[in-house]
Amino acid sequence: MKAFVLAGVSSGIGKTTVSMGLMSLFENVSPFKVGPDYIDPGFHQFVTGNKSYNLDLFMMGEKGVKYSFYKHQKDISIIEGVMGLYDGIDNTLDNNSSAHISRVLGVPVILVVDGIGKSTSIAAEVLGYQMLDKRVNIAGVIINKVSSEKTYAIFKEAIEKYTDVKCLGYVPKDDSLHIGSRHLGLLQAGEIGDLKSKIERLKESLKKNFGYRCYIKDCFSS
């Protein structure tokens, strides 16, 4: 089984954009979404051509989540998280969060962090997420909204110096890849006329800015 949870440090960090980019890189992807969200699965299906299934511990319980996850396995499973990695129904660590899902399913986490307005402090951010619950396997980091390759090199050096988490690559700051939103969340996939071209540009950007095949070697559970 090849699978991981793509989680963010917060809502609005770019999880859906990065998820779509990663899903576009692989063949026969089985997409999933943590929680009851219906908008993000629409994007997943648009990119992969496969139905995206919700994984919600509150409504489905551990048995239901595991049943749905294993039933719908394809070559690669990418699970998009919800809110921040540890955000759930309360402040316990068994709170139906993305981190909780990763532990229940025994799959690693790839953490998306924001590259705006920081340098060395980004290492403290990653370290905090790693240390809060050591049962969660944060296997790698993707940095979103990075201004330049030089800036990414600074981030990568800091993170890999002060944590044992690998930097897998970055997504440049590019407003043309932004998915529009409204007060209830993102626009739906069918409402974005140039979504296909956005995904193609995102795919090429990801190919350029990190060796995505490292996911198979370093980040997927086996």
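Mentor: A crossing is right-handed if the near helix is turned clockwise from the far one by less than a right angle. Keep that in mind as we go through this predicted model.

Trainee: Gladly! Which handedness does the crossing of helix 5 and helix 6 have?

Mentor: Helix 5 passes helix 6 in a right-handed crossing.

Trainee: And why are helix 5 and helix 6 called oblique to each other?

Mentor: Helix 5 (residues 121-132) and helix 6 (residues 149-162) pack at about 45 degrees, their axes 8 Å apart. Angles under 35 degrees would count as roughly parallel, and 65 to 115 as roughly perpendicular. The pair is therefore oblique.

Trainee: What makes the contact between them, residue by residue?

Mentor: Helix 5 brings Ile-122, Ala-123, Val-126 and Leu-127, while helix 6 brings Phe-155, Ala-158, Ile-159 and Tyr-162. By class, that contact has eight nonpolar residues, no polar and no charged. Tyr counts as nonpolar here.

Trainee: Now helix 1 and helix 2: why is helix 1 described as roughly parallel to helix 2?

Mentor: Helix 1 and helix 2 pack at about 25 degrees, with axes 9 Å apart. The cut-off for roughly parallel is under 35 degrees, so helix 1 is roughly parallel to helix 2. Their crossing is right-handed.

Trainee: Which residues meet there?

Mentor: Thr-16, Met-20, Met-23 and Ser-24 of helix 1 meet Asp-40, Phe-43, His-44, Val-47 and Thr-48 of helix 2. These divide into four nonpolar, four polar and one charged.

Trainee: Which helices supply the lining of the second largest pocket?

Mentor: Helix 1 (15-25), helix 2 (39-48) and helix 7 (195-209) each supply at least two residues. Helix 7 gives the most, with four. The pocket has a volume of about 230 Å³, and 14 residues line it. Met-23, Ser-24, Val-47, Glu-200 and Lys-203 lie nearest its centre. The lining has seven nonpolar, three polar and four charged residues.

Trainee: One last pair, then. How do you know that helix 3 and helix 4 are oblique?

Mentor: Their axes, for residues 57-71 and 98-105, come within 11 Å and cross at roughly 45 degrees. That value is neither under 35 degrees nor in the range 65 to 115, and helix 3 and helix 4 are therefore oblique. Helix 3 passes helix 4 in a right-handed crossing. Leu-57, Glu-62, Val-65, Lys-66, Phe-69 and Tyr-70 of helix 3 make the contact with His-100, Ile-101, Val-104 and Leu-105 of helix 4. The contact residues divide into seven nonpolar, one polar and two charged.

Terms used. Residues are numbered from 1 along each chain as its sequence is written. This is a predicted model: local features need pLDDT of at least 70, side-chain atom pairs count only at pLDDT 80 or more; totals for chains, interfaces and linings use all residues. Side-chain values use heavy atoms; hydrogens and water are left out. Axes are lines fitted to C-alpha atoms, for helices over the stretch in contact, and angles run from 0 to 180 degrees between N-to-C directions. Angles under 35 degrees count as roughly parallel, over 145 as roughly antiparallel, 65 to 115 as roughly perpendicular and the rest as oblique. Contact means heavy atoms within 4.5 Å. On a 1 Å grid over the protein atoms alone, a cavity is a set of points where a 1.4 Å probe fits but cannot get out, and a pocket is an open set with protein on both sides within 12 Å along at least five of seven lines; lining residues have an atom within 4 Å of a point. Grid points are joined across faces, edges and corners, and a volume is the space filled by probe spheres set on the points.
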